[in-house]
Amino acid sequence: MLTPLLLIPLLGAIAIALYPKPQTSKAIATVASLASLGWAVYLLGQIDLNRSGIQFSEFHPWVEPLGLNYSLGVDGLSLPLLVLNSLLTVVALYTNRPNLNRPRLHNSLILLINAGIAGALMSQNLLLFIIFYELELIPFYLLIAIWGGEKRGYASTKFLLYTAVSGLLVIFSFLGIAFTSKTFSFEFSQLQLQAFSGLDLTTQLLLLTPLLIGFAIKTPLVPLHTWMPDTYVEASPSTAILLGGIFAKLGTYGLLRFGLQLFPVAWQAVAPGLAVIGTVSAIYGAMNAIAQRDIKRMVAYSSIGHMGYILVAAAAGTELSILGAIGLMVAHGLILALLFYLVGIVEQTTGTRDLDILNGLMNPIRGLPLTSALLILAGMASAGIPGLVGFAAEFIVFQGSFATFPIPTLLCIISSGLTAVYFVILINRTCFGKLDNSRAYYARVTVKEQWPALVLVAIVLFLGIQPNWLLRWMEPTSTTIVAQLHYPKTSQVGQFDAYNPALLKGIDNLPFVKEVMRHIPF
């Protein structure tokens, strides 16, 4: 049931390559992306919410001597991101300008990115994950280098170098995990069963550290973030939507899937440090966003701050914080895609992204009233205003993280307040004020051009009013992830007693035991 999420975009890319008429490439790509989105939503409706493990599993031996198998599966962590990936692919394809240069290549690359990200999210074999994890780098590089801004050569090269280093670090860690496992396996399910036995804490930390650095580059987190502002700014709107909306989520997904689940003991050892890094990222991103005059760069720096919230929540390791972290990954992807789409419309219509030049776009006669109204709502969602999906996710993150890391959580809440500051600056200078009569002769933006933004706004509003429709898919998985942090009791350093997950799950349901376990350091 999962293979179609790979085959549909790949077949779409092949069809575009074989069919010579450039004007039909967008139609083919849109049909393929809509089919992929429909299948992802169908899987979302078929998943068993009473099960917390991997579902819809597919397994076929591939290169057995190397331990490489075609092993797929999804759960409440990966499936919502798969739906987000397909949705943003549709939005990115619609964002393309009618006069786009080399449309066949452009649309084929977007479909390849969709397949690569979907494969990484579904992979249950570590080598297979690496293949898909690296697959989308070249398409993104080409999208930035060919259709990017004035400094596209510098930005695309910087992006490729940083993300290539990320992949090398992750490969190094995965090879170390396989060599230290009892069976030399790259299967995630087998490695997860061995997570509580055999390795001392020092070895776990040596294996976990390159994994953390590799995924921190991808996310990105301070101080490994420097590729991101240049890349997001120079990328075209459609590429920026995919970069910020879903590509960066592979970093946070990797931290939760492989960092936390394979190294629960070492994760708790480094959790305070991760909380500090997350807090620094949150404050750094907010402060830099306030200082920007380019609205696209401002949105890019805001992304760093929200990734910091997710890291603090993952480090806290409570049921609410992990649930909030997964929810915020999806919420942030929706909001950031909406912001980049609207910024793209503003730039295309006015010819600038400079806050010192833009003003009065809310003018109902000569401005961009609908775009401005949607931009205001998107800014409110990013700032965590109640009733929008950003508030629901951030509230759960802060509530779940406070008990474990009160000071970092309070600092993140302050950073969330700073988010409101820079979006008020953006909205006040862009949407309000008096139009410049010498410049204010903008082409009318039709509702047809705005429909992807309207769809994203509708989703942001609906999930903000009904957050359970977002979180219900994730709750069983987040509960299981947190339970892994509390399974083992050490009998000696690096050695763990046998455990019974079913028995512990029953014990953990007792309120008294829950309260006691919360105060026991592991």
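**Entry 1: the largest cavity**

I tallied the lining of the largest cavity by class and got four nonpolar, five polar and three charged residues. (Nonpolar covers Ala, Val, Leu, Ile, Met, Phe, Trp, Tyr, Cys and Pro, charged covers Asp, Glu, Lys and Arg, and polar is the others, Gly among them.) This is a predicted model, where local features need pLDDT of at least 70 and side-chain atom pairs pLDDT 80 or more, while totals for chains, interfaces and linings use all residues. Numbering runs from 1 along each chain as its sequence is written, and side-chain values use heavy atoms, with hydrogens and water left out.

Among the residues lining this largest cavity I found Ile47, Arg51, Asp75 and Trp473. The space in the largest cavity is about 50 Å³. Searching the whole structure gave me three cavities of 30 Å³ or more.

My note on terms: on a 1 Å grid over the protein atoms alone, a cavity is a set of points where a 1.4 Å probe fits but cannot get out, and a pocket is an open set with protein on both sides within 12 Å along at least five of seven lines; lining residues have an atom within 4 Å of a point. A volume is the space filled by probe spheres set on the points.

**Entry 2: the second largest pocket**

I put the second largest pocket at about 760 Å³. Its lining has 30 residues, with Thr95, Arg97, Pro237, Gly344 and Gln348 nearest the centre. That lining splits into eleven nonpolar, ten polar and nine charged residues.

**Entry 3: Val265**

I checked Val265 and it counts as buried (under 20% relative accessible area, 1.4 Å probe, protein chains only), because its value is 17%.

Notes:
Buried means under 20% relative accessible area, exposed over 50%, partly exposed in between (1.4 Å probe, protein chains only).
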